[in-house]
Structures are given as C-alpha cells and as structure tokens.
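Subject: Structure handover

Hello,

Here is the structure you are taking over. My notes on it follow below.

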Amino acid sequence: MAVAVEGVERAWGLHAYWDELVSGTEGMDVAVGSMTARIAAVPLFAERDGGLRQAVRIHVPGDRSGDVLTASIHRGETELDGGTLALSGDSAALLLLVPKIESETLHLVRLSVANDNVEVDVPVAPQRKWTVDLIHHSHLDIGYTDPQAVVLDHQLAYLDAALDLVDATDDWPEDARFCWNVEATWPLRHWLARRPRREHERFFKRVREGRIEVCALPFTMHTEALSMDELARQLDFAVELRERHGIEVVSAMQTDVPGATLGLATLLTGAGVENLSVAHNFAGRSVPYLHDGQELRRPFWWEAPSGK
C-alpha cells in the first residue's frame with residue numbers, strides 16, 4: 001500500500017531546507033507530462049502483511065496544480081505497490097513499498113500523468129536499518145518566546161500533562177507507553193512548591209518506574225560564564241532529589257547553546273552523571289565542522305581531565 005507524504009508545518013523559515021532534504025535526495029529525475037519526478041530508494045521501512053518492506057520515493061516539486069500522478073512499482077511481471085498523488089501546487093511525495101531487499105535489484109517504475117506514460121528501471125539497494133530513540137521533553141527557553149512568568153506556567157502545565165499521559169497509557173504495550181524527560185530541574189522545583197504532596201508521590205513513583213526521567217541541571221547554560229564553584233552549585237537540587245526521594249539522576253541536557261566547557265564534563269562525571277544530550281545552536285559562534293567535529297561518532301565519549 002503506497003503512503004502519501006503530507007506537508008509539514010512550514011515554520012521558522014525552514015521550508016526551503018525541508019524541501020531540499022526531500023527533493024535533494026540522490027535519485028533519478030524522470031520527465032512525465034509537463035513535470036519532473038525524482039525517484040529515490042530511501043532508508044524507510046514499514047511492517048506490511050507480517051513482513052518488512054522498504055520504500056522507494058516519488059517526489060514532485062511544488063510547481064504543478066490540478067494534475068494527478070499515478071505510480072506503480074514492479075519486479076518482473078508482478079506489481080508490488082502503486083498509488084496516486086493529487087498535486088495541489090505544493091511539493092508532494094509518494095512512498096512505494098517493496099519487500100526488503102537483500103542485494104541491489106532492478107525494479108520497474110511506471111509513471112502516468114494525463115495521457116503520458118513513462119517506464120524506467122530503478123536500482124533498489126539494501127538500506128541500513130536505524131533505531132531512532134525519541135525523547136519527549138519540553139525545551140526550557142526563558143523569556144525568549146514569552147515573558148518569564150508565562151514560560152514557567154507553561155512548564156508546570158507540561159509536567160501535569162506528562163503525568164496524565166503516563167497514566168493514560170499504562171495499559172498500552174510496553175514500548176508504546178508514554179515517557180517523559182524533565183530537561184531542567186528549575187521548573188520541577190517550582191512545580192513541587194505549587195503542587196500538593198499526593199502529586200509529589202505520584203510524580204516520584206513514575207520516576208522510580210522509569211516512565212519519567214529527571215535530568216541533572218536546572219537550566220541550559222552558557223557554561224563559559226560560570227566559575228567552577230557556580231557551575232557545581234547548579235547540581236545542588238538534583239543531589240537533594242536523589243537523597244530525599246531515592247531517585248536516579250544519571251543524565252543531563254544542554255540545548256540551544258553554542259557548546260559547553262570542559263568544566264561541565266568534570267562536574268557531571270564527578271556527580272555520577274553518565275549521559276549528556278546536546279543540541280547545539282551554532283549560529284556562527286561555534287563551528288565544530290571546522291575542527292573535525294564532523295568526524296565524531298554519534299554517540300561519542302567525552303573525557304574529563306580526570307580520565308572519567
């Protein structure tokens with residue numbers, strides 16, 4: 001069964017980059033009717049009829065409206081998948097699914113628009129199977145999108161909602177149950193101060209079960225602006241939570257800052273924090289790709305001066 005790829009919300013002026021990620025995929029361009037479609041084997045898989053299928057994408061740029069593209073993919077005389085794509089003027093894509101490939105194999109793709117029909121042989125190669133780990137969390141950005149008090153109210157509401165969603169999915173399969181990651185402890189400190197004790201107990205029960213994780217740091221910080229003493233004090237509340245509630249705190253997050261000083265590695269390893277998730281905002285201030293940063297494996301080990 002073919003899968004139509006819907007457009008995503010085009011926010012933050014990133015639609016050109018999104019379009020390029022899709023249309024710029026290596027493949028072959030095929031003229032059909034008055035348009036050009038790009039055909040590419042992509043590393044996407046789906047479970048169908050008890051087996052694993054991989055995708056061949058038909059992408060059409062957003063320069064046509066009112067046309068309908070019909071596509072099918074064949075191996076030998078057998079049609080493996082097919083579908084239609086109604087074009088509205090935006091870029092659009094259709095995923096055709098074929099049984100998982102063990103070695104590169106030619107497939108016949110047929111495209112049709114109006115009275116124009118095209119056939120082309122497309123090599124489909126085995127694709128790497130990725131495991132994607134999704135971390136549900138809300139990024140703490142104080143005073144950027146709203147006044148500070150409004151941001152805090154939102155953060156407290158997120159924690160309420162996360163608890164409700166954890167409860168609501170208790171009877172789901174284990175790998176589908178909702179989990180939440182508390183990126184920063186500053187909102188959690190305020191949440192605990194404003195919620196009754198029964199909610200505290202409900203929250204920490206879920207932390208001990210592994211459905212909610214509490215990270216070690218109160219904010220995302222420009223660590224170069226802090227002394228080592230100031231940096232170390234940022235862990236005080238996490239240590240208090242460990243000791244008072246018997247929870248595990250082994251991860252930290254630093255999001256939307258240019259980077260972190262080596263002192264942060266010293267602090268976290270000394271406190272038993274083993275995992276650090278980073279999503280750097282380079283914005284011209286940090287250019288790791290000029291200093292071999294692109295050569296780092298993902299994930300990679302960051303060693304503190306202590307050797308930890």
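I start with one side chain and work outwards from there. Please keep in mind that this is a predicted model.

Leaving aside residues up to four places away in sequence, Trp191 touches Leu156, Leu159, Asp160, Leu163, Glu199, His200 and Phe203. Trp191 also belongs to the largest nonpolar core, which has 33 residues; Trp191 is among those with the most contacts inside this core, together with Leu188, Phe203, Ile212 and Leu241. Several elements give two or more residues to the core: the helices α2 (148-168), α3 (185-194), α4 (197-209), α6 (236-245) and α7 (262-270), and the strands β10 (180-182) and β11 (212-214). Helix α2 gives the most, with six residues. Apart from this core lies another one, of 26 residues, including Leu80, Leu94, Leu111 and Val113. As background, nonpolar side chains in soluble globular proteins tend to be buried together.

Aromatic rings

There are four aromatic pairs in the count. In one of them, Phe178 and Trp180 have ring centres 6.2 Å apart and planes at 20 degrees, so this pair is stacked. Both Phe178 and Trp180 are buried. Phe203 and Phe204 make another pair, which is edge-to-face, with 5.1 Å from centre to centre and 85 degrees between the planes. Phe203 counts as buried at 1% relative accessibility, and Phe204 counts as buried at 2%. These two phenylalanines form one aromatic cluster with Trp191. Phe203 thus recurs in these notes: Phe203 touches Trp191, and Phe203 is one of the core residues with the most contacts.

Salt bridges

A search of the whole structure finds 14 salt bridges. Side chains of opposite charge can pair when their charged atoms come close. Three of the bridges are described here.

- Arg202 and Asp167 meet through their side chains at 2.6 Å, N to O. Arg202 lies in helix α4 and Asp167 in helix α2, so the bridge ties together parts that are 35 residues apart in sequence. Both ends are partly exposed, Arg202 at 21% relative accessibility and Asp167 at 33%.
- Glu119 forms a salt bridge with Arg110, and their closest N and O atoms are 2.8 Å apart. Glu119 counts as exposed, at 52% relative accessibility, whereas Arg110 is partly exposed, with a relative accessible area of 35%.
- Glu240 and Arg244 meet in a salt bridge at 3.5 Å, N to O. Both residues lie in helix α6, four residues apart, which is about one turn of the helix. Glu240 is partly exposed, with a relative accessible area of 32%, and Arg244 counts as exposed at 62%.

Which residues are linked to Arg202 and Asp167 in a network of salt bridges? The network also takes in Asp164, Asp170, Glu199, Lys205, Arg206, Glu209 and Arg211. Glu199 was named earlier as well, as one of the residues that Trp191 touches. Helices α2 and α4 therefore appear in two places: the Arg202 and Asp167 bridge runs between them, and both give residues to the largest core.

Surface

Which residues form a nonpolar patch on the surface? They are Leu262, Leu296, Phe300 and Trp302, and together they have about 360 Å² of accessible area. Leu296 is found in the segment after strand β13 (275-279). Leu296 is partly exposed, with a relative accessible area of 41%; buried would require under 20%.

The protein as a whole

Some totals for reference. The protein has seven helices and 13 strands. Of its 308 residues, 37% count as buried. The accessible surface comes to about 18400 Å², and 51% of that belongs to carbon and sulfur atoms. Among contacts between residues at least 6 apart in sequence, 64% join residues at least 24 apart.

If you want a place to begin in the viewer, go to Trp191 and the cluster that Trp191 forms with Phe203 and Phe204. From there, look at the bridge between Arg202 and Asp167, and then at the surface patch with Leu296.

Regards

Definitions and conventions
Residues are numbered from 1 along each chain as its sequence is written. This is a predicted model: local features need pLDDT of at least 70, side-chain atom pairs count only at pLDDT 80 or more; totals for chains, interfaces and linings use all residues. Side-chain values use heavy atoms; hydrogens and water are left out. A nonpolar core is a set of buried Ala, Val, Leu, Ile, Met, Phe, Trp, Tyr and Cys residues joined through side-chain atoms within 4.5 Å. Buried means under 20% relative accessible area, exposed over 50%, partly exposed in between (1.4 Å probe, protein chains only). Contact means heavy atoms within 4.5 Å. Patches are made of residues with over 30% relative accessible area and no salt bridge: like charges are joined within 9 Å, nonpolar side chains (Val, Leu, Ile, Met, Phe, Trp, Tyr) within 5 Å. Accessible areas come from the Shrake-Rupley method with a 1.4 Å probe; for residues, only the protein chains shown count as cover. A salt bridge is a side-chain nitrogen of Lys or Arg within 4 Å of a carboxyl oxygen of Asp or Glu. Rings of Phe, Tyr and Trp (its six-membered ring) pair if their centres lie within 6.5 Å; planes under 30 degrees apart count as stacked, over 60 as edge-to-face and the rest as tilted.
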